[in-house]
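I opened this notebook page to keep a record of what I looked up, entry by entry, before turning to anything else.

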Amino acid sequence: MASPQIDLGNVWVIGASSGIGRAFAEKIAGMAQNIAVSARSKDALLEMESQGRGITAFPLDVTDAKAVETAATDILGRFGAIDTAVLSAGAWRPLEPGDIDLGSIRAGVEVNYMGAIHAISALVPIMKQQGKGHIVIVGSLSGYRGLPRTVNYGPTKAALINLAETLKLDLERFNIRITLVNPGFVDTPLTQKNDFKMPQLISAEQAADFIISGMAKERFEIRFPQPFASVMGLLRNAPNALYFRAVGRMLKGRG
């Protein structure tokens with residue numbers, strides 16, 4: 001799928017060292033005036049910067065609110081504006097059913113949810129001052145309803161879905177757009193930890209194309225791939241008894 005050409009202005013991608021974030025940052029070269037990329041992996045970011053495609057590295061840890069605020073200030077000083085921000089940092093590791101691993105759960109909350117909050121806290125004052133902005137929050141279809149073995153992941157994505165809906169209502173008056181991205185299974189370092197066959201697995205590059213296409217159409221929610229996303233959407237609204245029965249059957253079919 002060819003990506004449409006859209007003007008994104010100055011873009012900041014957080015969680016850009018691998019997966020969807022990296023694929024997106026590399027895809028938008030030529031659509032953006034400047035691209036700032038952030039993540040913990042400094043070497044990966046510097047390798048992207050060395051490509052010479054308008055990409056500049058700003059390494060940070062999203063769990064450090066001050067570091068995120070400092071990076072936002074530095075990017076604003078360097079480029080003069082932050083027009084579009086894509087928040088795609090994520091953490092997850094497999095857990096067995098009933099394994100309530102506090103460390104893993106806390107890491108999910110701190111990276112997946114609070115990492116986004118730290119970025120939004122830094123971005124909103126900047127975008128209000130500019131009189132415009134666009135924040136893209138990468139959630140997951142796993143945030144629609146509870147799924148097995150995702151106690152350290154799914155709830156954080158559910159929180160991001162609610163957050164995006166709340167921010168859309170709060171920030172429209174300031175001409176700040178919110179976009180929610182809910183991917184299914186994407187081939188990334190996180191999903192490569194899975195020990196089961198993932199339905200409709202797509203590449204990070206395909207995911208980036210879906211996101212760019214949805215942004216060009218100014219959709220609030222961009223979910224993919226179809227028909228898996230539609231099935232998850234139906235299950236999201238299904239009665240509890242039907243939902244739990246359907247997921248139970250899928251689990252039995254797995255093993």
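The entries below cover a pocket, the nonpolar cores and three single residues.

Entry 1, the model. I note at the outset that this is a predicted model, and I read every value below as computed from it.

Entry 2, the second largest pocket. I looked up its volume, which is about 330 Å³, and then its lining of 15 residues, of which D7, L8, T84, H134 and R177 are the closest to its centre. Sorting that lining by class, I found four nonpolar, six polar and five charged residues. I also checked which elements contribute, and noted that β5 (133–138) and α6 (204–216) each supply at least two residues of the lining.

Entry 3, the nonpolar cores. Which residues have the most contacts inside the largest nonpolar core? I found W12, L87, I120, L123, I135 and I137 in that role, within a core of 47 residues. Helix α4 (residues 102–130) gives the largest share of this core, namely nine residues. Apart from this core I recorded another, of 33 residues, with F24, A32, I35 and F224 among them. As a general reminder to myself, nonpolar side chains in soluble globular proteins tend to be buried together.

Entry 4, I135. I followed this residue further and, leaving aside neighbours within four places in sequence, listed its contacts as A85, L87, I120, L123, V124, M127, I176, R177, I178 and T179.

Entry 5, S140. I located S140 in the loop between β5 and α5 (154–171). Is S140 buried or exposed? Its relative accessibility is 8%, and because buried means under 20%, S140 counts as buried. Its side chain is joined to that of S142 by a polar contact of 2.8 Å. Not counting residues up to four places away in sequence, S140 touches Y153, K157, I161, V181, N182 and P183.

Entry 6, two exposed glycine and glutamine positions. I placed G77 in helix α3 (residues 65–79), and since exposed means over 50%, its relative accessibility of 65% makes G77 exposed. From G77 to G133 I noted 56 residues in sequence and 16 Å in space, C-alpha to C-alpha. Q129 is found in helix α4, and Q129 is likewise exposed, with a relative accessible area of 70%. How far apart are the C-alpha atoms of Q129 and F174? They are separated by 9.2 Å, although the two residues are 45 residues apart along the chain.

Methods. Residues numbered from 1 in each chain as written. Predicted model: local features only at pLDDT ≥ 70, side-chain atom pairs only at ≥ 80, totals over all residues. Heavy atoms only, no water. 1 Å grid on protein atoms, 1.4 Å probe; cavity = no way out; pocket = protein on both sides within 12 Å on 5 of 7 lines; lining within 4 Å. Points joined across faces, edges and corners; volume = space filled by probe spheres on them. Helix = DSSP H or I, 4+ residues; strand = E, 2+ residues; numbered from the N terminus. Nonpolar A, V, L, I, M, F, W, Y, C, P; charged D, E, K, R; others polar. Core = buried A, V, L, I, M, F, W, Y, C linked by side-chain atoms within 4.5 Å. Buried < 20%, exposed > 50% of the residue type's maximum accessible area, 1.4 Å probe, protein only. Contact = heavy atoms within 4.5 Å. Polar contact = N/O pair within 3.5 Å; in protein donor to acceptor, adjacent residues only side chain to side chain.
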